[in-house]
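Student: Could you take me through how helix packing is read from a model, beginning with the general idea and then turning to the case at hand?

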Amino acid sequence: MAITAEAQRGGIVETIGDATYSFKLRNREIERFEDKYRGIFDLWDGFFSRGTKPTSKEVRDLVALGLVGGGMKDAQADAVISDCTPEDLMRLYQIAQALLGVAFMPDVGEEKELKKKTEVGDIAD
């Protein structure tokens with residue numbers, strides 16, 4: 001995997017269409033989302049428990065904001081999401097869910113990776 005395909009701490013790298021993108025939610029993107037829709041913890045409940053599930057517009061906009069947080073300009077992020085079709089909605093939902101999860105728990109993936117490396121090292125000894 002190339003260095004450009006590695007996720008920043010608190011971010012993810014995912015593919016939409018034929019391109020790979022970096023996503024990250026920072027406070028400013030979360031606040032932009034909240035200003036337009038609802039509180040981020042309410043959205044969290046919708047994704048991960050019994051709250052109101054996110055709408056397709058919320059999902060698309062959260063993913064677009066994740067692209068902005070990952071370094072893309074607003075217009076570019078909007079263009080990437082605009083090119084998506086209804087067929088892409090489930091994939092965008094999964095990206096949005098992962099994006100929000102890693103924003104709140106940025107070290108989850110690293111713990112798993114560290115455990116994997118430790119177990120492999122134990123076997124090699």
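The dialogue below turns to one helix face, one helix pair and one glycine.

Tutor: This is a predicted model, in which local features need pLDDT of at least 70 and side-chain atom pairs count only at pLDDT 80 or more, while totals for chains, interfaces and linings use all residues. Residues are numbered from 1 along each chain as its sequence is written, and side-chain values use heavy atoms, with hydrogens and water left out.

Student: Which residues of helix H2 are buried?

Tutor: An α-helix has 3.6 residues a turn, so residues three or four places apart point the same way. In H2, residues 40–48 (helices being DSSP runs of H or I of at least four residues, numbered from the N terminus), the buried ones are Ile40, Leu43, Gly46 and Phe47, where buried means under 20% relative accessible area with a 1.4 Å probe, protein chains only. They lie on the same side of H2, because they cover an arc of only 110 degrees around the axis, taken from the directions from the axis to the C-beta atoms.

Student: At what angle do the axes of H3 and H5 cross?

Tutor: Two packed helices are described by the angle between their axes and the distance between the axes. Here the axes of H3 and H5 come within 9 Å and cross at roughly 60 degrees.

Student: Why does glycine 46 count as buried?

Tutor: Glycine 46 counts as buried because its relative accessibility is 0%. Leaving aside neighbours within four places in sequence, glycine 46 is in contact (heavy atoms within 4.5 Å) with Gly51, Thr52, Lys53, Pro54 and Tyr93.

Note on methods
Buried means under 20% relative accessible area, exposed over 50%, partly exposed in between (1.4 Å probe, protein chains only). Helices (H or I, at least four residues) and strands (E, at least two) are DSSP runs, numbered from the N terminus. Axes are lines fitted to C-alpha atoms, for helices over the stretch in contact, and angles run from 0 to 180 degrees between N-to-C directions.
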